[in-house]
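I opened a fresh page for this one and went looking for empty space, odd backbone angles and helix packing. Here are my entries, in the order I made them.

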Amino acid sequence: MPAPIPTPAPLLLVDGLNLLWTATFGFPAAIRSRDGVRELTGLFAFFALLRATVRDDLDTTAPEVLVIFDGPDASTARAAADPRYKADRPTTRDALRPLEYLPAVKDGLDACGIVWAETVDAEADDLIATLTGTHRASRPVRIMSRDADLYQLLTDEVQIVNRSRRAGSRLVTAADVEQRYGVTPAQWTGFRALSGDPSDGIPGVRGIGPKTAARLLSGGIALADLPSSGRLTGTTGRRTLSAWDEVLRWQALIELRHDLVPGPAPSGRPSPGLPPARTVVEAMGLW
């Protein structure tokens with residue numbers, strides 16, 4: 001009799017740069033090397049927050065952890081489709097300070113036996129979406145990120161871990177999105193196309209905020225069906241119809257890809273336990 005196929009470990013997909021920005025700018029105390037020469041906050045906090053999340057914030061045990069980073073040309077395709085895409089994000093040296101930690105973070109992950117991946121011309125969200133679609137039928141998937149674009153991936157099997165929420169309430173579910181915003185995860189891209197997302201340079205339709213967008217999409221209607229729904233009346237309707245081609249383009253920008261080839265692919269086995277952040281930094285000879 002053949003040996004039973006082991007059940008794969010729950011999968012934790014970590015939005016690497018999102019976590020690195022949180023670690024660099026959101027950690028409660030600055031961390032420096034013993035000699036005071038090196039600023040280590042982003043590196044130290046990255047591993048501290050990741051370890052705390054695996055230990056405290058998951059509803060699953062012993063996950064397989066895969067950290068996903070943006071590729072160097074991640075936003076090129078979307079920016080070509082709309083030059084406003086992420087165009088207003090600050091590019092000063094201080095604003096981009098988290099990237100200075102990126103090589104050391106990758107080295108630290110390698111040293112800890114935690115797999116990381118990136119695709120040259122894809123955003124981390126797209127690779128996360130691809131992996132989520134591949135694995136959600138066979139095991140629970142948790143996504144560690146504060147990026148609301150990932151709400152479109154939520155299902156009964158897929159939840160998001162948001163470290164900015166209070167302890168005990170950091171898991172975001174599909175029901176949470178419906179309760180807070182009045183739309184389903186499947187409607188998220190249309191909802192954001194209508195109401196806008198300033199952080200990504202998507203203005204939305206003038207005069208339409210989240211409440212109006214939710215009302216227009218009430219009952220689970222898809223964005224594409226809105227013009228024939230009879231709901232686009234008055235000033236709001238005229239503004240929406242006059243901007244309709246842009247609305248569809250904005251939706252396409254928000255929609256995540258599911259067609260990437262991940263490398264390396266998840267193994268199905270639990271990842272090694274993460275040591276304390278201090279141990280990781282010290283083992284790298286940076287402390």
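**Entry 1: the pocket.** For my purposes a pocket is an open set of grid points with protein on both sides within 12 Å along at least five of seven lines. I kept in mind throughout that this is a predicted model. I looked up the largest pocket and found about 1200 Å³ of space in it. Its lining is made of 36 residues, and those closest to the centre are Leu17, Trp21, Asp70, Lys86 and Arg89.

Which helix gives the most to the lining of the largest pocket? I found that H1 does, with four residues. At least two lining residues come from each of helix H1 (16-26), helix H3 (76-81), helix H4 (102-112) and helix H5 (124-135). Sorting the lining by class, I got 15 nonpolar, 15 charged and six polar residues.

**Entry 2: Lys86.** One of the residues closest to the pocket centre deserved its own note: Lys86. I placed Lys86 in the loop between H3 and H4. Its phi is near 55°, which is positive in a residue other than glycine. Is lysine 86 buried or exposed? Its relative accessibility is 19%, and buried means under 20%, so lysine 86 counts as buried.

**Entry 3: H1 from the inside.** After seeing H1 in the pocket lining, I checked how enclosed this helix is. Eight of its eleven residues are buried, so H1 is largely enclosed by the rest of the structure. I noted the buried ones as Gly16, Leu17, Asn18, Leu19, Leu20, Thr22, Ala23 and Thr24. Against what do the buried residues of H1 pack? My list reads strand E1 (11-15), H2, E2, H4 and strand E4 (141-144).

**Entry 4: H1 on H2.** Two packed helices are described by the angle between their axes and the distance between the axes. For H1 and H2 I wrote down an angle of about 115°, with the axes 8 Å apart. Their crossing is right-handed. On the H1 side the contact is made by Gly16, Leu19, Leu20, Thr22, Ala23 and Thr24, and on the H2 side by Thr41, Gly42, Ala45, Phe46, Leu49 and Leu50. I counted no charged residues in this contact, but seven nonpolar and five polar ones.

**Entry 5: the cavities.** Rolling a probe the size of a water molecule over the atoms shows where empty space is left. How many cavities of 30 Å³ or more does the whole structure hold? My search gave two.

The largest cavity has a volume of about 70 Å³. I listed its lining as Asp15, Asn18, Leu19, Thr22, Met144, Ser145, Arg146, Val161 and Arg163. H1 turned up again here, giving the largest share of this lining with three residues. By class the lining splits into three nonpolar, three polar and three charged residues.

The second largest cavity has a volume of about 40 Å³. Around it I found Arg78, Tyr85, Glu123, Asp125, Asp149, Leu253, Ile254 and Leu256. This lining has four nonpolar and four charged residues, with no polar ones.

**Entry 6: two more backbone spots.** Alanine 62 also caught my eye, since its phi is positive, about 45°, although it is not a glycine. I found alanine 62 in the loop between helix H2 (41-56) and strand E2 (64-69). Its relative accessible area is 48%, so I put alanine 62 down as partly exposed.

Where is the cis peptide bond with omega near 0°? I found it from glycine 263 to proline 264. Proline 264 belongs to the loop between helix H10 (244-254) and helix H11 (277-283).

**Entry 7: a lysine and an arginine.** Lysine 106 is in helix H4 and counts as buried, at 13% relative accessibility. Setting aside neighbours within four places in sequence, I found lysine 106 in contact with Phe69, Trp116 and Glu118.

Arginine 34 is in the loop between H1 and H2. With a relative accessible area of 58%, arginine 34 is exposed. Not counting residues up to four places away in sequence, arginine 34 touches Glu282 and Trp287. I also noted that arginine 34 and leucine 286 are 252 residues apart in sequence, while their C-alpha atoms are 9.1 Å apart in space.

Methods: Residues are numbered from 1 along each chain as its sequence is written. This is a predicted model: local features need pLDDT of at least 70, side-chain atom pairs count only at pLDDT 80 or more; totals for chains, interfaces and linings use all residues. Side-chain values use heavy atoms; hydrogens and water are left out. On a 1 Å grid over the protein atoms alone, a cavity is a set of points where a 1.4 Å probe fits but cannot get out, and a pocket is an open set with protein on both sides within 12 Å along at least five of seven lines; lining residues have an atom within 4 Å of a point. Grid points are joined across faces, edges and corners, and a volume is the space filled by probe spheres set on the points. Ala, Val, Leu, Ile, Met, Phe, Trp, Tyr, Cys and Pro count as nonpolar, Asp, Glu, Lys and Arg as charged, and the others, Gly among them, as polar. Buried means under 20% relative accessible area, exposed over 50%, partly exposed in between (1.4 Å probe, protein chains only). Axes are lines fitted to C-alpha atoms, for helices over the stretch in contact, and angles run from 0 to 180 degrees between N-to-C directions. A crossing is left-handed if the near helix is turned anticlockwise from the far one by less than a right angle, and right-handed if clockwise. Contact means heavy atoms within 4.5 Å.
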